[in-house]
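Reader: Hey, I have a protein open on my screen and no clue where to start. Can you walk me through it?

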Amino acid sequence: MTIQTTTQNILANASAAAEENANFEGFPPLKECNYTAEFRPLQFGTVKNIVKDDAGKDKVTWSDFKPIEASGGQAIVRTDNSKLLGIMKKRYAIANNPDIIVPVQECLEDCLPKGAMNGIQLKEAVSDGGAVARFGYHFEGLGREIRQLTKVPTQLNFMVQVVNSFNGQTAIRLQAGGLDLACLNGMTSLLELKAGTWGHTAGFKPEYIKPWLVDQIAFYEKKVETWQKWANREITPEQAEQVLTENFPASKSEIARAEKKGKVAGEIQSKMARSMMEQFEREVAARGQTVWSLYSALTFYSSHNSELFKVKNSPEYAQDATTARDNVERTLIERERKVSEIERSESFQELAVV
């Protein structure tokens with residue numbers, strides 16, 4: 001599909017407000033993710049010292065530091081606050097967030113009509129002090145309406161996001177999808193189209209992103225059609241439960257506890273599967289008893305640190321400040337991978353085939 005055809009398809013579905021606004025003033029700049037990192041040498045102490053801590057106990061300290069050869073690993077440090085993000089070996093290449101977002105912006109501006117770029121919203125977050133970052137944009141001017149069985153429509157905005165890390169936790173990952181603006185509690189969930197992945201090596205060039213992104217813009221139109229069919233495809237609670245039970249199986253400890261209570265195979269369900277069914281029921285009330293509600297329950301789980309799906313030791317749910325971890329965005333990225341696996345599973349595809 002050509003860029004011209006892509007543009008025509010998307011513009012045809014852009015909102016009236018977007019069509020009226022042809023004055024594109026540029027993308028919102030990165031804020032939380034607007035930092036860079038660099039390699040710095042590692043060092044080791046050669047002189048061991050025994051000192052007393054505040055409680056009067058012995059404590060080991062080191063002095064007379066000497067550098068470690070770069071081949072043995074280097075520290076990756078933020079240049080704005082000198083925070084350690086990771087330790088990687090020599091062939092690892094740093095890809096800074098501001099450098100990655102530029103080709104994304106250029107491609108979007110080249111491929112989309114200015115009128116369709118009305119109402120661009122920045123979405124960004126970090127984990128582990130910036131070791132993991134996710135940033136990108138969603139477009140009110142590229143909104144599509146999904147008609148749900150409850151007669152209450154929901155709005156999907158086209159979204160592009162970059163996942164990046166500085167410690168090897170993830171490759172450079174570009175996501176394209178739709179942002180559902182009518183989730184429960186007024187929250188939003190990312191419905192992923194596809195993801196492109198590039199490694200942190202010296203061979204990576206940001207311009208590799210552009211061809212992939214052009215294809216995703218065109219694919220957005222087709223995926224919205226699929227989501228609309230899911231919104232019309234009714235399923236039973238038993239069918240939803242089967243998908244969730246198969247994809248969130250009980251752990252060994254859950255099975256052991258259930259067997260002590262007299263339950264047998266086929267009757268045992270994991271806590272996660274039960275929680276997912278609870279979320280499915282909430283989605284059903286808002287959207288209807290459909291594949292779309294099942295998918296929305298999954299994307300709610302992968303998009304939110306909520307009371308039902310707590311991120312363990314996150315600042316919101318840690319027992320105290322000493323156990324709190326800056327881990328929310330990293331965990332949500334991991335959950336998204338799980339949801340992608342479920343979407344491709346045989347049990348889900350049996351319900352979702354269109």
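**Walking through the model**

Author: Sure, let's start with one residue: phenylalanine 65 has a relative accessible area of 44%, so it counts as partly exposed. Keep in mind that this is a predicted model.

Reader: Okay, and where is phenylalanine 65 placed?

Author: Phenylalanine 65 is in strand E3. It also belongs to a nonpolar surface patch of about 410 Å², together with Ile50, Val60 and Trp62.

Reader: Which strand gives the largest share of that nonpolar patch?

Author: Strand E3, which covers residues 58-67, supplies three residues of the patch.

Reader: Anything odd in strand E3?

Author: Have a look at aspartate 64, which is found in strand E3 too. Its phi is positive, about 55°, although aspartate 64 is not a glycine.

Reader: Is aspartate 64 buried or partly exposed?

Author: Partly exposed, because its relative accessibility is 43%, and the cut-off for buried is under 20%.

Reader: Which other residue has a positive phi although it is not a glycine?

Author: Lysine 151 is one, with a phi of about 70°. You'll find lysine 151 in the loop between strand E7 (132-146) and E8. At 75% relative accessibility, lysine 151 counts as exposed.

Reader: Let me zoom out. How many helices and strands does the protein have?

Author: There are ten helices and ten strands. The protein has 354 residues, and 48% of them are buried.

Reader: And what about the outside?

Author: The protein exposes about 17800 Å², with carbon and sulfur atoms supplying 49% of that.

Reader: What share of the contacts with a separation of 6 or more comes from residues 24 or more positions apart?

Author: That share is 66%. For a single case, take valine 224 in helix H4, which runs over residues 209-232. Beyond its neighbours within four places in sequence, valine 224 is in contact with Arg144 and Ile146. Valine 224 and arginine 144 are 80 residues apart along the chain, and their C-alpha atoms are separated by 7.5 Å.

Reader: Why does valine 224 count as buried?

Author: Because its relative accessibility is 1%, and buried means under 20%.

Reader: Got another pair like that?

Author: Try glutamine 161 in strand E8, residues 154-165. The C-alpha atoms of glutamine 161 and glutamine 175 are separated by 5.0 Å, with the two residues 14 apart along the chain. Glutamine 161 is buried, at a relative accessible area of 3%.

Reader: New topic: charges. How many salt bridges does a search of the whole structure find?

Author: Twelve. One of them joins arginine 287 and aspartate 180, whose closest N and O atoms are 3.0 Å apart. This pair links distant parts of the chain, since arginine 287 is in helix H7 and aspartate 180 is in strand E9 (residues 172-180), 107 residues apart.

Reader: Is arginine 287 buried or exposed?

Author: Buried, with a relative accessible area of 1%. Its partner aspartate 180 is buried as well, with a relative accessible area of 1%.

Reader: Why would charged side chains pair up in the first place?

Author: Side chains of opposite charge can pair when their charged atoms come close.

Reader: Makes sense. Which salt bridge has both of its residues in helix H7?

Author: Glutamate 278 and arginine 282 do, with N to O at 3.0 Å. They lie four residues apart in helix H7, about one turn of the helix. Glutamate 278 is partly exposed at 35%, and arginine 282 is partly exposed at 38%.

Reader: Which residues are linked in a network of salt bridges?

Author: Arg134, Glu329 and Glu336 are.

Reader: Last one: which residues form the positive surface patch?

Author: Arg257, Lys261, Lys263, Lys271 and Arg274 form it. Among them, lysine 263 is in the loop between helix H6 (252-260) and helix H7 (271-287). Lysine 263 is partly exposed, with a relative accessible area of 41%.

Methods. Residues are numbered from 1 along each chain as its sequence is written. Side-chain values use heavy atoms; hydrogens and water are left out. Helices (H or I, at least four residues) and strands (E, at least two) are DSSP runs, numbered from the N terminus. Buried means under 20% relative accessible area, exposed over 50%, partly exposed in between (1.4 Å probe, protein chains only). Contact means heavy atoms within 4.5 Å. Accessible areas come from the Shrake-Rupley method with a 1.4 Å probe; for residues, only the protein chains shown count as cover. Patches are made of residues with over 30% relative accessible area and no salt bridge: like charges are joined within 9 Å, nonpolar side chains (Val, Leu, Ile, Met, Phe, Trp, Tyr) within 5 Å. A salt bridge is a side-chain nitrogen of Lys or Arg within 4 Å of a carboxyl oxygen of Asp or Glu. Lys and Arg count as positive and Asp and Glu as negative; His and the chain ends are not counted. The place of a charge is taken as NZ of Lys, CZ of Arg, CG of Asp or CD of Glu.
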